[in-house]
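User: Please walk me through the model below in a few questions and answers. I'd like each answer to end on the value or name I ask for.

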Amino acid sequence: MEGDSSPRKFVRTAASSFFSAEEVARARAYHRPLYWAGAADVGLEAGVLAALAWSGAGAALDPGSLPWWGRTPAYTAIVIAASAVVRTPVALWSGFIRERRWDFSTQRLRSWAADGAKAVAVNSGLTAAALLGLVALARALPGWWLAPTAAAFALAALLFSFLAPVVLEPLFNSYSPLQDAALAAELHRLARRAGLPVREVLVQDTRVVRGFLCIRLVRPAGS
């Protein structure tokens, strides 16, 4: 009932209550190999970082002739690009080949590669900016740089929780208004019951799994 302020109770239910045994088995068959792919991806990334830190590869790629403000972003981009190259085979299998085999994606290889290149560029830019600020604070405040750095990173995380859906996600996904008026009205009604200020309901084309819904929120009046 609308306006009901009684506490909500969460009930744990088995997947078999909503899905058939065949559907549950299919979901497990899809997800389980991805866990191994995720572990392999983490291992490869850790291997790249270890190689750069404890072998001659790191020194060979380090642009040490640059000043600190140029060396920091340059080396950041080198590390991220090297990691992306090494992890490409796993990413190609898990994010492109497997998704198409399971009919979860219609994305073409060129588009997938373009998204990967954009991800590397965005990651390089954001990480370079963060590390450049960190190094600058450490040089300016060698005795107590940790406190302002922690505050700055916390503020950045808060800001990006608002900015990422608006600035970053459109680089990889596209959005359009939900055409099903009845479903949109129902979602608006549910949002009002939950106390969420909703401006519009969009369909997010993630280029991998088609047809996600995205609800765009607005600040309540008077806040």
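User: What share of the area exposed by the protein chain do carbon and sulfur atoms supply?
Analyst: Let's begin with the surface of this predicted model. The protein chain exposes about 15,600 Å², where accessible areas come from the Shrake-Rupley method with a 1.4 Å probe and, for residues, only the protein chains shown count as cover. Of that exposed area, the part supplied by carbon and sulfur atoms is 67%.

User: What pLDDT do side-chain atom pairs need in order to count?
Analyst: A little housekeeping first: numbering starts from 1 along each chain as its sequence is written, and side-chain values use heavy atoms, with hydrogens and water left out. This being a predicted model, totals for chains, interfaces and linings use all residues, local features need pLDDT (the predictor's confidence in each residue, from 0 to 100) of at least 70, and side-chain atom pairs need 80 or more.

User: What pattern does the protein chain follow along its sequence?
Analyst: Helices (H or I, at least four residues) and strands (E, at least two) are DSSP runs, numbered from the N terminus. By that count the protein chain has six helices and three strands. Read along the sequence, they give α-α-α-α-α-β-α-β-β.

User: Where is confidence lowest in the protein chain?
Analyst: The mean pLDDT of the protein chain is 85, with 87% of residues reaching 70 or more. Helix α3 has the highest confidence, at 95, while residues 208-223 stay under 50. Where pLDDT is low, the predicted coordinates should not be read in detail. The lowest mean, 44, belongs to strand β3 (residues 212-217).

User: How many of the 223 residues, in percent, count as buried?
Analyst: Buried means under 20% relative accessible area, exposed means over 50%, and partly exposed lies in between (1.4 Å probe, protein chains only). For the 223 residues of the protein chain, the buried share is 17%.

User: Which helices are among the elements that cover the buried residues of α1?
Analyst: Helix α1 (residues 21-54) has 34 residues, so at 1.5 Å a residue it should span 50 Å, in agreement with the 49 Å between its end C-alpha atoms; the expected span is 1.5 Å times one less than the number of residues. Its buried residues are Val24, Tyr30, Ala37, Asp41, Val48 and Leu52. Their cover includes α2 (56-61) and α3 (68-101).

User: Which residue forms a salt bridge with Arg71?
Analyst: A salt bridge is a side-chain nitrogen of Lys or Arg within 4 Å of a carboxyl oxygen of Asp or Glu, and the whole structure has six. Arg71 is partly exposed at 35% relative accessible area, and its partner is partly exposed too, at 23%. With the closest N and O atoms 2.4 Å apart, that partner is Asp62.

User: How far apart, N to O, are the side chains of Glu186 and Arg189?
Analyst: Glu186 and Arg189 sit three residues apart in helix α6 (residues 181-194), so about one helical turn separates them. Glu186 is partly exposed at 33%, and Arg189 is partly exposed at 27%. Their side chains meet in a salt bridge, with an N to O distance of 2.7 Å.

User: Which residues do salt bridges that share partners join into one network?
Analyst: Arg199 and Glu200 meet in a salt bridge at 4.0 Å, N to O. Elsewhere, shared partners link salt bridges into one network of Asp41, Glu45 and Arg87.

User: Which helix supplies the largest share of the nonpolar patch?
Analyst: Patches take residues with over 30% relative accessible area and no salt bridge, joining like charges within 9 Å and nonpolar side chains (Val, Leu, Ile, Met, Phe, Trp, Tyr) within 5 Å. The nonpolar patch here has about 860 Å² of accessible area together, and its members include Leu126, Phe160 and Val167. Val167 is partly exposed, at 48%. The largest share, eight residues, comes from helix α5 (residues 146-168).

User: Which residues does Thr76 touch, beyond those up to four places away in sequence?
Analyst: Thr76 lies in helix α3 and is buried, at 9% relative accessibility. Taking contact as heavy atoms within 4.5 Å, Thr76 touches Ser124, Thr127, Ala128 and Leu131.

User: How far apart in space are Ala84 and Ala119, C-alpha to C-alpha?
Analyst: Ala84 is also placed in helix α3, where it counts as partly exposed at 22%. In sequence, 35 residues separate Ala84 from Ala119, and in space the C-alpha to C-alpha distance is 9.5 Å.
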